[in-house]
Amino acid sequence: MQLSPAHHDERLTAPRSWWGIAALIGLACALMLLPLGLLPLLAGLVGGAGLAGLLVSSYGSARIRVVGGALAAGDARIPVSALGEPEVLDAEGARAWRTYKADTRAFMLMRSYVPTALRVPVTDPADPTPYVYVSTRAPEALASAIRAAQEAGATAG
């Protein structure tokens, strides 16, 4: 299957250090249950590490895709025809748009462990959302995919 140039697929997985922290949480749970015996210790280890691992996995499962003429970021799906020109943000620019430049009406898919981002204005006058902010490890590729999808939609429509 040949993917179109407008295709982009990225998963914002959690860093490896978070998995180490999840293992340490399991160890801490095991140590808390040590006075109760071997079985509670093992249950604490498996349960604590499992629950912490589940939380890390769910937080790191955010997905960003440009496919079928739409930007899918997390649970949101926005047609590229309703988006303006993407703006690639380096670490400093991304931090600014996450903090003091942020608009509370904006859709933001942020991950603190991803330093770069993409900001795309929403041009649909019926939508009160001013822009979409998406943390991404490949902001240039995502911007190119959005532009290609917009051009493909403009030539098809």
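A contact here means heavy atoms within 4.5 Å. In this predicted model, contacts between residues at least 6 apart in sequence were sorted by separation, and 65% of them join residues at least 24 apart.

**Overall layout**

The protein has four helices and eight strands. Along the sequence these elements follow the pattern β-α-α-β-β-β-β-α-β-β-β-α. The radius of gyration is 20 Å, well over the 15 Å that the globule rule gives for 157 residues, so the protein is more spread out than a compact globule. Taken along the principal axes, the box filled by the C-alpha atoms is roughly 70 × 45 × 25 Å.

The table collects values for the protein as a whole.

| Property of the protein | Value |
|---|---|
| Radius of gyration | 20 Å |
| Box of C-alpha atoms | roughly 70 × 45 × 25 Å |
| Buried share of the 157 residues | 38% |
| Exposed area | about 9000 Å² |
| Share of that area from carbon and sulfur atoms | 63% |

Buried residues thus account for 38% of the 157 residues. Of the roughly 9000 Å² that the protein exposes, carbon and sulfur atoms supply 63%.

**The four-stranded sheet**

One open sheet contains four strands in the order S1-S2-S3-S4, and their pairing is antiparallel. Its edge strands are S1 (8-11) and S4 (76-79), each of which pairs on one side only. From one strand to the next, the twist averages 10 degrees.

At one end of this order, S1 pairs with strand S2 (residues 63-67) in the antiparallel sense, over four bridges. Arg-11 takes part in this pairing: its bridge partner in S2 is Arg-63.

**Ala-30 in helix H1**

Ala-30 lies in helix H1, which spans residues 16-32. Is Ala-30 buried or exposed? The cut-off for a buried residue is under 20% relative accessible area. Ala-30 has a relative accessible area of 4%, so it is buried.

Which residues does Ala-30 touch, not counting those up to four places away in sequence? The partners are Leu-41, Gly-44 and Leu-45.

A distance to another part of the chain can be added. Ala-30 and Pro-115 are 85 residues apart in sequence, and their C-alpha atoms are 34 Å apart in space.

Notes:
Residues are numbered from 1 along each chain as its sequence is written. This is a predicted model: local features need pLDDT of at least 70, side-chain atom pairs count only at pLDDT 80 or more; totals for chains, interfaces and linings use all residues. Side-chain values use heavy atoms; hydrogens and water are left out. Two strands pair if DSSP finds at least two bridges between them. Helices (H or I, at least four residues) and strands (E, at least two) are DSSP runs, numbered from the N terminus. Axes are lines fitted to C-alpha atoms, for helices over the stretch in contact, and angles run from 0 to 180 degrees between N-to-C directions. The radius of gyration is taken over C-alpha atoms; the globule rule is 2.2 Å times the number of residues to the power 0.38. Buried means under 20% relative accessible area, exposed over 50%, partly exposed in between (1.4 Å probe, protein chains only). Accessible areas come from the Shrake-Rupley method with a 1.4 Å probe; for residues, only the protein chains shown count as cover.
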